[in-house]
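Me: I have just opened this structure and would love a friendly walk through some of its strands and helices. Could you take me along?

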Amino acid sequence: MLLFTPGPTPVPESVRVAMAGETLHHRTPEFEAIFERTRTLLFELLGMDEVLMLASSGTGAMEGAVINLAHSKLLSINSGKFGERFGKIALAHGIANVEIKHEWDTPASVEEVQAALNANPDVDAIAIQICESAGGLRHSVEEIAAAVKAHNPSIMVIADGITAVGVEKIDVTNIDCLISGSQKALMLPPGLAIMGLSNAAIEKIGSGKGYYFNLATEIKNQRKNTTAWTAATTITIGLESILNRIKAEGGLDKLYADTARRAYATREAMGAIGLSIYPTNPADSMTTVGDAEAKKIRSTLKQFDVNVAGGQDHIKDSIFRINHMGLIAPYEACWAVNAVELSLAAMGRRTYDGTANRVFNTVYFGL
């Protein structure tokens with residue numbers, strides 16, 4: 001069965017082997033050396049002034065970012081399940097929250113963010129997804145972040161890149177906190193959250209807030225190549241392995257180019273067999289198809305050994321999502337798009353003629 005869900009993604013065999021070695025204690029020189037090397041690789045990946053690794057899911061990093069960087073009021077962008085989560089985190093901690101809310105196929109605009117800031121001068125942080133994976137849309141985060149900083153440079157910009165880091169090159173010029181997670185484009189098991197911080201964010205954090213997610217405590221410790229609490233040792237070893245493998249296979253620029261080409265080829269293939277792309281501004285991390293029979297298509301795909309993801313909440317059964325994150329062999333991507341066409345044929349919706357596979361190959365390989 002080919003796993004084509006947008007997280008968790010398949011873990012490469014070489015990474016599984018690396019993680020299968022002897023268990024290391026996290027308070028040893030041996031692990032500190034691994035931690036130091038992994039930190040160095042993360043600075044290259046994120047391009048931020050500081051990096052942190054947290055033993056948690058990505059939601060833990062979201063919570064840590066909100067409680068440490070939103071001291072007055074948070075402006076959250078809600079175009080899906082994960083944008084909604086930022087607001088819920090703020091309210092759970094008694095932090096005032098104002099929300100820009102859209103349907104899950106619609107990204108936020110610079111103009112409405114500016115209007116919200118004008119109406120709420122006490123906002124000191126904004127939280128937004130780069131890719132809102134609930135519907136597969138891409139917010140114009142770089143433009144929004146630039147507008148926020150032009151409005152007030154002291155406002156912290158928190159960007160959830162859990163399904164964007166490792167997918168595309170992100171301009172972090174105006175981003176103060178960039179969040180990622182292990183189980184997406186980094187092709188690791190769930191359980192490790194990653195954060196990049198700007199110097200302005202570090203200053204805002206000060207002595208930090210919270211206990212487990214007190215980022216000041218983590219900064220102090222991780223600069224010494226250790227962690228405040230028990231480290232996710234095995235996944236950290238895997239992270240070093242996958243980042244080194246990405247470098248060995250052509251580097252980040254090649255990974256980004258391959259992912260973008262795979263995403264575009266898949267969207268073109270879906271359109272060629274009569275399917276519609278759900279979001280108005282699709283992210284390259286996944287192709288999200290909107291279809292009244294999405295649930296049935298997902299189920300039928302399993303007959304062809306392909307597992308894709310459905311939606312959540314009100315669009316649970318009306319979309320399906322095909323992953324593009326990670327080191328995906330072209331033949332596997334071909335298999336997935338071909339399986340979608342085979343599924344439509346099995347459902348009696350079209351005669352199979354290989355259109356999806358042919359279009360994918362034409363676009364991806366230039367054939």
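Me: Strand S10 (residues 193-197) catches my eye: how many of the five residues of S10 are buried?

Reply: Happy to help! First, this is a predicted model, where local features need pLDDT of at least 70 and side-chain atom pairs count only at pLDDT 80 or more, while totals for chains, interfaces and linings use all residues. Residues are numbered from 1 along each chain as its sequence is written, and side-chain values use heavy atoms, leaving out hydrogens and water. Buried means under 20% relative accessible area, with a 1.4 Å probe and protein chains only. S10 is largely enclosed by the rest of the structure, because the buried residues number five of the five.

Me: Which residues of S10 lie on each side?

Reply: In a regular strand, side chains alternate between the two faces of the sheet. Both faces of S10 are covered, and the residues on both sides are all buried. One side has Ala193, Met195 and Leu197, and the other has Ile194 and Gly196.

Me: In what sense does strand S2 (residues 50-54) pair with S10?

Reply: Strands (E, at least two residues) are DSSP runs numbered from the N terminus, as are helices (H or I, at least four residues). Two strands pair if DSSP finds at least two bridges between them. Valine 51 has glycine 196 of S10 as its bridge partner, and leucine 52 has methionine 195. Over five bridges, the sense of the S2 and S10 pairing is antiparallel.

Me: Which strands stand at the edges of the sheet?

Reply: The open sheet has seven strands with mixed pairing, in the order S2-S10-S9-S8-S5-S3-S4. Each edge strand has a single partner strand, so one side of each is left without a neighbour in the sheet. Those edge strands are S2 and S4 (96-101).

Me: At what angle do helix H3 (residues 58-69) and helix H4 (residues 81-92) pack?

Reply: Two packed helices are described by the angle between their axes and the distance between the axes. Axes are lines fitted to C-alpha atoms, for helices over the stretch in contact, and angles run from 0 to 180 degrees between N-to-C directions. For H3 and H4, the axes are 10 Å apart and the angle is about 50°.

Me: Which residues of H3 and H4 meet?

Reply: Contact means heavy atoms within 4.5 Å. On the H4 side are Phe82, Arg85, Phe86, Ile89 and Ala90. They meet these residues in H3: Thr59, Met62, Glu63 and Val66.

Conventions. Buried means under 20% relative accessible area, exposed over 50%, partly exposed in between (1.4 Å probe, protein chains only).
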